[in-house]
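Reader: I've got a new model open on my screen and I'd like to learn how to read it. Can you walk me through it, feature by feature?

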Amino acid sequence: QVQLVESGGGLVQAGGSLKLSCAASKRTISNWAMAWFRQAPGKEREFVAAVSWSRGSILYADSVKGRFTISRDNAKSAVYLQMDSLKPEDTAVYYCTGGPSLMTVKSGASAYWGQGTQVTVSS
């Protein structure tokens, strides 16, 4: 069983930056696609960004394109989300997820999720 643990959330002013990290308990994820999702209060969980195991495919939601950057370090079994130019509407709990298929992970259908980390952007 793979466990995913997110960290790096916090409170930041609009226009600021945060970097989220997702650490995996096993090196299995070096062969997995990984993604970040977020869920704001009263809203459904939504896709943010995804990266294939080889980094050959990187996908972003339109709402974060140009501001967020997903990256991964397979040697450390870790995935990151650099968030710049943050807006109040980015406020949400951010979740890390992963699995063998990029499309499955991007759709949110993977069985593996972290517990989430809170990001709050003040105006």
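Author: Let's begin with a term: helices (H or I, at least four residues) and strands (E, at least two) are DSSP runs, numbered from the N terminus. By that reading, threonine 117 lies in strand β11, residues 117–122. Now some housekeeping: this is a predicted model, where local features need pLDDT of at least 70, side-chain atom pairs count only at pLDDT 80 or more, and totals for chains, interfaces and linings use all residues. Residues are numbered from 1 along each chain as its sequence is written, and side-chain values use heavy atoms, with hydrogens and water left out.

Reader: How many helices and strands does the protein chain have?

Author: One helix and 11 strands. Going along the sequence, the pattern is β-β-β-β-β-β-β-β-β-α-β-β. The radius of gyration is 13 Å, close to the 14 Å that the globule rule gives for 123 residues, so the protein chain is as compact as a globular protein of that length. That radius is taken over C-alpha atoms, and the globule rule is 2.2 Å times the number of residues to the power 0.38. Along the principal axes, the C-alpha atoms fill a box of roughly 40 × 25 × 25 Å.

Reader: And what percentage of the residues of the protein chain count as buried?

Author: First the cut-offs: buried means under 20% relative accessible area, exposed over 50%, and partly exposed in between (1.4 Å probe, protein chains only). Of the 123 residues, 45% count as buried.

Reader: How do I read contacts between residues that are at least 6 apart in sequence?

Author: Contact means heavy atoms within 4.5 Å. Among contacts between residues at least 6 apart in sequence, 58% join residues at least 24 apart.

Reader: Okay, disulfides are my home turf. Which cysteines form one here?

Author: In general terms, a disulfide is a covalent bond between the sulfur atoms of two cysteines. The rule used here is a pair of cysteine sulfur atoms within 2.5 Å, and the count by this rule is one disulfide. The partners are cysteine 22 and cysteine 96, with their sulfur atoms 2.1 Å apart. Cysteine 22 sits in strand β3 (residues 18–24) and cysteine 96 in strand β9 (residues 92–99), so the pair ties together parts that are 74 residues apart in sequence.

Reader: Is that disulfide left-handed or right-handed, and are the two cysteines buried or exposed?

Author: The torsion about the S-S bond of cysteine 22 and cysteine 96 is about -75°, so the disulfide is left-handed. Both cysteine 22 and cysteine 96 are buried.

Reader: Strand β9 came up there. What is tyrosine 95, in strand β9, in contact with?

Author: Leaving aside neighbours within four places in sequence, tyrosine 95 has contacts that include Glu6, Trp36, Phe37, Arg45 and Trp113. Tyrosine 95 is buried, at a relative accessible area of 14%.

Reader: Let's try another residue. Where does isoleucine 70 lie?

Author: In strand β7, residues 68–73. Isoleucine 70 counts as buried at 4% relative accessibility. Its contacts beyond four places in sequence include Met34, Trp36, Val51, Ile58 and Leu81. Another of them is Tyr80: isoleucine 70 and tyrosine 80 are 10 residues apart in sequence and 5.7 Å apart in space, C-alpha to C-alpha.

Reader: Back to threonine 117. What does threonine 117 touch?

Author: Not counting residues up to four places away in sequence, threonine 117 touches Glu6, Ser7, Gly8, Gly9, Leu20, Ala92, Val93 and Tyr94. Threonine 117 is buried too, with a relative accessible area of 10%.

Reader: Now backbone angles. What is phi of serine 77?

Author: Most residues other than glycine have a negative phi, and most peptide bonds are trans. Phi of serine 77 is near 50°, a positive value in a residue other than glycine. Serine 77 lies in the loop between β7 and β8 (78–83) and counts as buried at 5% relative accessibility. Serine 85 also has a positive phi, near 50°. Serine 85 is in the loop between β8 and β9, and at 42% relative accessibility it counts as partly exposed.

Reader: Last one: is aspartate 62 buried or exposed?

Author: Exposed, with a relative accessible area of 66%. Look for aspartate 62 in the loop between β6 (58–60) and β7.
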